[in-house]
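Okay, everyone, thanks for coming along. I'll put the sequence and the structure up on the screen, and then we'll walk through a few features together.

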Amino acid sequence: MNKNIETIYKGILDGDQHLVAQQVTDALNAGLSPDMILKEGLVAAMSEVGRLFENGEYYVPEMLIAARAMQAGLKLLKPGLAETGVKAVGRVIIGTVAGDLHDIGKNLVGMMLEGAGFEVIDLGTDVKPEAYVNAVREHKPDIVAMSALLTTTMPNMIHIIQALEEAGLRKQVKVIIGGAPVTEEYARKIGADGFGYDASLAVKAARSLIG
Amino acid sequence: MNSLERLQRRLQGEAVDRPPNLDIVMAFAAHHIGRPLSQFYIDHHVLVDANLAVCEDFELDIVQAISDPFREAADFGLEVEFPADNLPINRKPLLAEPEDIKKLVVPDPATGPRMSDRVEAVRLFRERVGGEVPIMGWVEGALAEAADLRSVYLTMTDLIRRPEWLEELLEICVQVEIAFARAQVQAGADIIGLGDAVASQISPVMYRRFALPYEQRIFQAVHEIGALARLHICGNTNRIIADMVASGADIIDLDWMVDMKSAAGQFGDKVSFLGNVDPVAIMLQGTPEKVYAATQYCMTVGGPRSISGAGCEVPDGTPEVNFHTQTRALCKIEGIDQ
């Protein structure tokens, strides 16, 4: 592995955003392709972060700062990726459903998806069904991701799926859901295509839906 | 046998007519008496009436002053909105920048509007059902309080990026929580519950540094003035059960994803585990048959000191029949069949 990329990889695992930004800049100046830096540095490191999380070696704090470091590098890569026509693995619209202002789970999933090579459009929190519908029309995502922390807001996921159906958009997208009270059984019940028990498994669910 | 006697005996592993049920009930309770949530959070009379009604109608063995996480934070100065019939909302952290810590004004439980309202709830419970039904006051753990003031996201990053600063904040928080716990015990609380939800999201090493020492100090203060301590950490705590036992809590809540059998097998002689019926999949969405089976299973694996309850708050909208089924199941636990 190239030394710059090796340092980027390690910098992400350590959550060192300044080191990652510096090394991405150095790697680009040294002529490495943005695509290579993305795949062998950022995506590989975030895949390892996901593995460490699943194994109980990393927890939310470690995952968050790793994702921040990854984002610092990704920001620098984006112009080059666009210039060279590198396509994202898929496009995801993500948000916390109406009535719910909790964002840490949603943010974590969004960052992990970015770290897996997805393009992520974050609609924020308290997102109403019509906002999801408008965003699907505008951005034409592959996946719509919804998060809810509260049992009281979880039912709003159904309203979003219904709104997508009424707008004739449901068949164009895959829907994945997650959040503390959400279960796989609930996902099936409301007609979602996938379920993420945690941020790492949400990425796996998204990948499997993209095919 | 009244509820207080039932709990006291069960904590000692002595014979009871049925295991006590210490479900956490908040939004459900407000709506059970037809009151909007904002009144439940703001007016202790509503909170007390709601609890007494739920306690009587569903044979719970507790009345509780728990309502929302923002009692102490609001009195620190956090801006909290109370939508008419929804959960309280905070839109921006009080400690957006680390240097904001210098501006913190430490609240007094006797005069802080939201903290004193909870103290008054405890006092009213004492007047109404003292000596009959266990009265539970509530405080945030120091780490949970820090997250209330600073936001969960920033606190999670502070754990790694500025641990000494975070410890400075935790020291301020723990002093407030100890004072708040004392005020509630003096007003008549038999139990102080401590919620430290964010603790399930961090590593055991971090838990031992940033959560456990503060839980221990709060519980020590609670014990010194003669009350019981209950530790409530939502989420998967399988990896920190031994540490939670070291907190000194008399009762440890286990959320639904925790292995109650394993926890009770290792530490059931030292502490009472409470749980751990799935509040959503079983209590809210499950059939009475599922509630019955889950309630009996938890008490069977939890051992002679275990206490019944859902792993976390029983959600608003839970079918009433599921509460009644809990009681029915508890009366038929093998060995204490009524």
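**Walking through the sheet and the contact**

Let's begin in chain B, where strand β2 (residues 135-140) and strand β3 (residues 191-195) run parallel and are joined by five bridges. Just so you know, what you're looking at is a predicted model. If you want one spot to zoom in on, find Trp138(B), which stands opposite Gly193(B) in β3(B).

Now zoom out a bit. In what order do the strands of the open sheet in chain B come? They go β1-β2-β3-β4-β5-β6-β7, seven strands with parallel pairing. At the edges you'll find β1 (63-64) and β7 (307-310) of chain B, and each of those pairs on one side only. For anyone new to this, strands of a sheet pair through backbone hydrogen bonds, and the pairing can be parallel or antiparallel.

Something also lies across that sheet. Helix α11 (residues 212-224) of chain B crosses β2, β3 and β4 (228-232) of chain B, and it runs at about 155° to β4(B).

Okay, chain B as a whole. We've got 16 helices and seven strands there. The radius of gyration of chain B is 19 Å, close to the 20 Å the globule rule gives for 338 residues, so chain B is as compact as a globular protein of that length. Its C-alpha atoms fill a box of roughly 60 × 40 × 40 Å along the principal axes. How much of chain B is buried? Buried residues make up 57% of its 338 residues. And if you take the contacts in chain B with a separation of 6 or more, 69% of them come from residues 24 or more positions apart.

Over to chain A for a moment. Here strand β1 (residues 91-96) and strand β2 (residues 119-122) of chain A pair in the parallel sense, over four bridges. Arg91(A) stands opposite Glu119(A) in β2(A). Put helix α5 (residues 104-115) of chain A together with β1(A) and β2(A), and you have a right-handed β-α-β unit.

Last stop: where the two chains touch. The contact takes 20 residues from chain B and 17 residues from chain A. On the chain B side, the elements giving two or more residues are α8 (152-161) and α14 (279-284) of chain B. α8(B) gives the most to that side, with six residues. What kinds of residues make up the side of chain B that touches chain A? They divide into 14 nonpolar, four polar and two charged.

That's my tour, thanks for listening!

Technical notes. Residues are numbered from 1 along each chain as its sequence is written. Chains are lettered from A and ligands numbered from 1 in the order in which they are written. This is a predicted model: local features need pLDDT of at least 70, side-chain atom pairs count only at pLDDT 80 or more; totals for chains, interfaces and linings use all residues. Two residues are in contact if their C-beta atoms, placed from the backbone, lie within 7 Å. Ala, Val, Leu, Ile, Met, Phe, Trp, Tyr, Cys and Pro count as nonpolar, Asp, Glu, Lys and Arg as charged, and the others, Gly among them, as polar. Two strands pair if DSSP finds at least two bridges between them. A crossover is right-handed if, with the strands pointing away from the viewer, the path from the first strand over the helix to the second runs clockwise. The radius of gyration is taken over C-alpha atoms; the globule rule is 2.2 Å times the number of residues to the power 0.38. A residue is buried if 20 or more other C-beta atoms lie within 10 Å of its own, exposed if 12 or fewer, and partly exposed in between; C-beta atoms are placed from the backbone. Axes are lines fitted to C-alpha atoms, for helices over the stretch in contact, and angles run from 0 to 180 degrees between N-to-C directions.
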